[in-house]
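Me: Please take a close look at the part of this model around the ligand, and tell me which residues are found there and what contacts they make.

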Amino acid sequence: MKRVAILGPSTFSEEATRHFLGEDFTYVSYKLISEVFNATSSGETDLGVIPIENTLEGSVHLHVDWLVHEVDLPIRAEWVFPIDMNLIGYPAPEGRMDDSNPFGYIRKVLSHHVVPAQCSRFMKQYLSGAEFEQVSSTAEGVRIVSSLQDPSVAAIGTAIASTNYGVPMLQKEIQDHKDNMTRFLLVGKEASELKSSEDMKTTILVTLPEDYPGALHQVLSAFAWRRINLSKIESKPTKKKLGTYYFYIDIAGSLDSVLLPSAIQEIEAIGCQVRILGCYPSYPYTN
Ligand SMILES: O=C(O)C(=O)Cc1ccccc1
C-alpha cells in the first residue's frame, strides 16, 4: 500500500485524509508539517497531505511558501473537509466556576497556528483572558494538556484527540462559521490511482516579464477570452528582491484540454515564466 505522510496523529489532517482516501493507504504521522514535506520529498513516503487554505483566513501562506520554495512536489489531488473546532480541557476547579464566563478559569490555550482566526468570536467572548500558544498541531496541544492535567491550560482540536488523549470536551464546534472548511492538497513525486472526479484543476506559478506594462492584464486575458475560469490568483513575494512577485493561480481545467495549454503558451510568448505546480482532480466534500 502507498504510504501517506500526514500531520498527526489525531489531527484534522488525519481525519480529512482518512475520510477522503479511506483505508487503502498506510498513514504515517509526523509531528511537524516540515517533516511531512521532507518525508514525501525524500521518498520515505509516497505522498503527503498539506492543509493549504481555510474558509476564514484563506491560504496557509507558510505551507504555500514551503510548497513553492522548499520542495519540488507536484500536487496530485485536492479535497475539502469541514473542520469542527472543539475546546478540550478539564472542568473548572472547585470554586473557580464563574457564571459570567464558564471558561474564565482557562489561562492558556494551545493549538495549531491557523486555529485562532477560525475561532476568533468564541475566543474573544470566553477566552480573552487566556494566552494563545501555538504548537505543531491541534493534537499536540491536546497531548500537552493531557500531560499537564492543569485545568487552566486547554486546547482546541479534534474530537478524536479528546478521546485518544483522555481529555474531556469542554465545548463543541467553537469555530466562527458552522461551514468552516479546509482545503487539503495531496502532493507526491509519483501519480497515484485515485477515484475519478469531474472537476480537474491546474495550479501554476506565473512570473511576469519585467518592463512590460499591462502584462498581468494580458495574462488574465489569455484565459478570459478562452473562457477558462481562474478560481484563485494570489500575488506572492519571490523572496528574491523586494517588490518582485509571482502569481499563484488555480485554474479550473486540465492540461489535457485544448485551450489551457494554448493559454499557457500565449503567456510564455509574452515573456512570462510559468511553473506548473500540478494538474489534478478536485473533490468536493461528501459526507
Ligand atoms: O493540527 C491539525 O489538526 C492539522 O491537521 C492542521 C489543521 C489545523 C486546523 C484546521 C485544519 C488543519
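Reply: For sorting the residues of the shell, Ala, Val, Leu, Ile, Met, Phe, Trp, Tyr, Cys and Pro count as nonpolar, Asp, Glu, Lys and Arg count as charged, and the others, Gly among them, count as polar. The model is a predicted one, and by this sorting the shell around the ligand is made up of five nonpolar residues, six polar residues and no charged ones. The residues in question are Leu7, Thr11, Phe12, Ser13, Pro51, Met85, His112, Val114, Ser137, Thr138 and Thr182.

Three of these residues can be described through their distances to oxygen atoms of the ligand. Phe12 takes part through its backbone, where a polar atom is 2.9 Å from an oxygen atom of the ligand, whereas Ser13 takes part through its side chain, with a polar atom 2.6 Å from a ligand oxygen. Thr138 likewise contributes a polar side-chain atom, which lies 2.5 Å from an oxygen atom of the ligand. The protein covers 99% of the 310 Å² of accessible area that the ligand has on its own, and the site occupied by the ligand is the largest cavity.

The chain segment that holds Phe12 and Ser13 deserves a further word, since helix α1 spans residues 12-21. In the loop between β1 (3-7) and α1 lies Pro9, and the peptide bond that leads from Gly8 to Pro9 is cis, with omega near 5°. Leu7, a residue around the ligand, falls within the range given for β1, residues 3-7.

Helix α1 also holds Phe20, whose partner Trp79 is in strand β5 (residues 75-82), so that this pair links distant parts of the chain, 59 residues apart. The ring centres of Phe20 and Trp79 are 4.2 Å apart and their planes stand at 15°; because planes under 30 degrees apart count as stacked, the pair is a stacked one. The count of aromatic pairs in the model comes to seven.

One further backbone feature may be added from another loop: Asp211, found between β12 (200-207) and α7 (215-224), has a positive phi of about 55° although it is not a glycine.

Methods
Residues are numbered from 1 along each chain as its sequence is written. This is a predicted model: local features need pLDDT of at least 70, side-chain atom pairs count only at pLDDT 80 or more; totals for chains, interfaces and linings use all residues. Side-chain values use heavy atoms; hydrogens and water are left out. A residue is near a molecule or strand if one of its heavy atoms lies within 4 Å of it. A polar contact is a pair of N or O atoms within 3.5 Å; within protein, one must be able to donate a hydrogen and the other to accept it, and residues adjacent in sequence count only if both atoms are side-chain atoms. Accessible areas come from the Shrake-Rupley method with a 1.4 Å probe; for residues, only the protein chains shown count as cover. On a 1 Å grid over the protein atoms alone, a cavity is a set of points where a 1.4 Å probe fits but cannot get out, and a pocket is an open set with protein on both sides within 12 Å along at least five of seven lines; lining residues have an atom within 4 Å of a point. A molecule sits in a cavity or pocket if more than half of its atoms lie within 2 Å of its grid points. Rings of Phe, Tyr and Trp (its six-membered ring) pair if their centres lie within 6.5 Å; planes under 30 degrees apart count as stacked, over 60 as edge-to-face and the rest as tilted. Helices (H or I, at least four residues) and strands (E, at least two) are DSSP runs, numbered from the N terminus.
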